[in-house]
Amino acid sequence: MTNEKISKHFTRSEIACKCGCGFDSMDAETLKIADEVRDFVGYPITPSSGARCLIHNRNIGSSDTSQHVKARAMDLPLKNPKLAYDWLCVKYPDRYGFGLYKTFIHIDTATGPARRW
Ligand SMILES: [Zn+2]
Ligand SMILES: [Zn+2]
């Protein structure tokens with residue numbers, strides 16, 4: 001894991017699998033959307049989840065089909081998740097997967113359009 005920037009706002013270590021396995025790739029399109037959310041909210045975001053190996057993904061109780069396993073999803077903790085979620089749904093009405101949670105939003109580029117809240 002390194003602090004190498006892999007997009008406008010995010011570093012490789014921020015999107016790496018949290019288990020320490022070294023899985024640290026992330027789809028460029030997913031990163032682009034994350035950068036857009038970062039620019040939209042105007043404050044730094046530390047992803048709570050990015051890439052996940054299958055073992056870690058199972059350990060946290062997620063489905064094997066999760067886009068995090070394919071390095072195509074990020075979870076972004078936000079002060080007002082609904083604001084960014086609504087903005088994304090308007091910006092990309094017929095593309096991507098977005099999920100709205102209490103403290104964060106999930107974004108992915110493999111499914112689409114998919115909405116969860
Ligand atoms: Zn892992
Ligand atoms: Zn997610």
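A residue counts as buried when its relative accessible area is under 20%, as exposed when that area is over 50%, and as partly exposed in between. The structure described here is a predicted model, and these classes are applied to several of its residues below.

The chain contains four helices and four strands. Along the sequence these elements follow the pattern α-α-α-β-α-β-β-β. The C-alpha atoms fill a box of roughly 35 × 30 × 25 Å along the principal axes. For 117 residues, a compact globule would be expected to have a radius of gyration near 13 Å, and the chain agrees with this, since its own value is 13 Å. Of the 117 residues, 46% are buried. Among contacts with a separation of 6 or more, 57% are made by residues 24 or more positions apart. The accessible surface of the chain amounts to about 6000 Å², and carbon and sulfur atoms account for 55% of that surface.

Two zinc ions were examined in turn. The zinc ion (ligand 1) has four protein donors, namely the SG atoms of Cys17, Cys19, Cys21 and Cys53, which lie 2.3 to 2.4 Å from the ion. Along the chain, the donors of ligand 1 are spaced as C-x1-C-x1-C-x31-C. The angles subtended by the four donor atoms run from 106 to 111 degrees, and the arrangement around ligand 1 is therefore tetrahedral. Two of these cysteines can be placed by their accessibility. Cys17 is buried, because its relative accessibility is 2%, whereas Cys19 is partly exposed, with a relative accessible area of 42%.

The zinc ion (ligand 2) is coordinated by His68 through NE2, by Asp75 through OD and by His106 through ND1, at 1.9 to 2.0 Å. The spacing of the donors of ligand 2 along the chain is H-x6-D-x30-H. His68 has a relative accessibility of 2% and so counts as buried. Asp75 counts as buried as well, because its relative accessibility is 6%.

Charged side chains were considered next. Side chains of opposite charge can pair when their charged atoms come close. A search of the whole structure finds eight salt bridges, and some of them are described here. One of the salt bridges joins Glu36 to Lys32, with the closest N and O atoms 3.6 Å apart. Both Glu36 and Lys32 belong to helix α2, which covers residues 28-41, and they are four residues apart, about one turn of the helix. The two partners fall into separate accessibility classes: Glu36 is buried, because its relative accessibility is 18% and the limit for this class is under 20%, while Lys32, at 39%, is partly exposed.

A salt bridge is also formed by Arg58 and Asp64, whose side chains meet at 2.7 Å from N to O. Asp64 has a relative accessibility of 39%, so it counts as partly exposed. Elsewhere, salt bridges that share partners link Glu4, Arg12 and Asp24 into one network. Within this network, the salt bridge between Arg12 and Glu4 has its closest N and O atoms 3.0 Å apart. Glu4 counts as partly exposed, because its relative accessibility is 40%.

Key. Residues numbered from 1 in each chain as written. Chains lettered and ligands numbered in written order. Predicted model: local features only at pLDDT ≥ 70, side-chain atom pairs only at ≥ 80, totals over all residues. Heavy atoms only, no water. Salt bridge = Lys/Arg side-chain N within 4 Å of Asp/Glu carboxyl O. Buried < 20%, exposed > 50% of the residue type's maximum accessible area, 1.4 Å probe, protein only. Helix = DSSP H or I, 4+ residues; strand = E, 2+ residues; numbered from the N terminus. Donors = N, O, S within 2.8 Å, 3.2 Å for Na, K, Ca; no water. Tetrahedral: all angles 85-135°; square planar, octahedral: opposite > 155°, others 65-115°. Rg over C-alpha atoms; globule rule 2.2 N^0.38 Å. Contact = heavy atoms within 4.5 Å. Areas by Shrake-Rupley, 256 points an atom, 1.4 Å probe, with all protein chains shown as cover.
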